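Grab a coffee and work through these short exercises with the model open beside you. Try each task before you read its solution.

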Amino acid sequence: MMQGFNLLKANIRMEYIEYKRYLPNTIAMLLTFYIIFIGMFAGIQLIGDPTTQDSNVQFVIVNYIFWYLAMIVVNAIGWQITNEATQGTLEQLSMSPMGIWRIMLARLISSTIVSFLIIVALLYLSMLTTGQWLNIDIITILPILILTLISMFGLGFIIAGLSVVLKQIQAFLQILQFILAGLTFVPLTVAPFLAYFPFVKGVDLVRAVMIDGVTLSQIRMEDFMILGFNAVFYFFIGLGIFLLCERVAMKKGLLAHY
């Protein structure tokens, strides 16, 4: 237990140091996402229906924040594995007594924790820019967010597994950005079957809380069951795929070569 805590603490410290040491890159990343949001907001203002403009802006704010979160959790781990392989340090991770999968889980959690401060800043900056103030009900949002993040971690493990075996998946990661955008922006009323896709149900419930003011007592038990099923299913599927890819990489000697 203490080893796991120390591993998490070390990774949180590493994430913080990287954000701080490469501050220009961090600022550029924030500006990029903020400019993307400004473009979406301007589009709604110019060509959107004035009668539904406020709700459309609120919809975009929630979706774009979750898109950024999904990018951090799912995409970032693939880039990290690629960088480890390029630098020749991937094999060192495999020699750790903690095992690669625990290190990857610690990185997923630590990157989420450190990036959450950025996400909150982007959320309030977006609300300040548009003048649309959402309902931030922490008690209702927190359990939904935790279950949603667990399913995201499962996807992150799948991407990490592919990165361990294939090494070069940058083109796929760029395509994945648009897939993640589609999953966050498409409402369940348009495609109800997406409720069983990773994190889509969570995004839909958070939208209901932040835009419509839905409280914890108003959310159906069925919705929480779907969230819980998605969290457990995708996490263990992702972990299983990662362990399989790790075994393949070790058998073929791929960890030591780029």
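**Exercise 1. In which helix does Arg207 lie?** Then work out its surroundings.

Before you start, note that this is a predicted model, where local features need pLDDT of at least 70, side-chain atom pairs count only at pLDDT 80 or more, and totals for chains, interfaces and linings use all residues. Residues are numbered from 1 along each chain as its sequence is written, and side-chain values use heavy atoms, with hydrogens and water left out.

*Solution.*
- Step 1: Find the element. Arg207 lies in helix 8, residues 200–212; helices here are DSSP runs of H or I with at least four residues, strands are runs of E with at least two, and both are numbered from the N terminus.
- Step 2: Check the exposure. Arg207 has a relative accessible area of 5%, so it is buried. The cut-offs: buried is under 20%, exposed is over 50%, and partly exposed is in between, using a 1.4 Å probe and protein chains only.
- Step 3: Look for a partner. The Arg207 side chain reaches the backbone oxygen of Thr184 at 3.1 Å.
- Step 4: List the company. Skipping neighbours within four places in sequence, Arg207 has contacts (heavy atoms within 4.5 Å) that include Phe59, Val62, Asn63 and Asp212.

**Exercise 2. Where is Phe199 found, and is it buried or exposed?**

*Solution.*
- Step 1: Place it. Phe199 sits in the loop between helix 7 (170–185) and helix 8.
- Step 2: Read the backbone. Phe199 isn't a glycine, yet its phi is positive, about 65°.
- Step 3: Check the cover. With a relative accessible area of 2%, Phe199 is buried.

**Exercise 3. Which helix holds Val248, and how many residues along the chain separate it from Gly161?**

*Solution.*
- Step 1: Val248 belongs to helix 9, residues 221–251.
- Step 2: Its relative accessible area is 30%, so Val248 counts as partly exposed.
- Step 3: Val248 and Gly161 are 87 residues apart along the chain, and their C-alpha atoms are separated by 9.8 Å.

**Exercise 4. How many helices and strands are there in the protein, and what is its radius of gyration?**

*Solution.*
- Step 1: Count the elements. You should get nine helices and zero strands.
- Step 2: Compare with the rule. The radius of gyration is 19 Å, close to the 18 Å from the globule rule for 258 residues, so the protein is as compact as a globular protein of that length. The radius is taken over C-alpha atoms, and the rule is 2.2 Å times the number of residues to the power 0.38.
- Step 3: Add the burial. Of the 258 residues, 46% count as buried.

Methods:
Polar contact = N/O pair within 3.5 Å; in protein donor to acceptor, adjacent residues only side chain to side chain.
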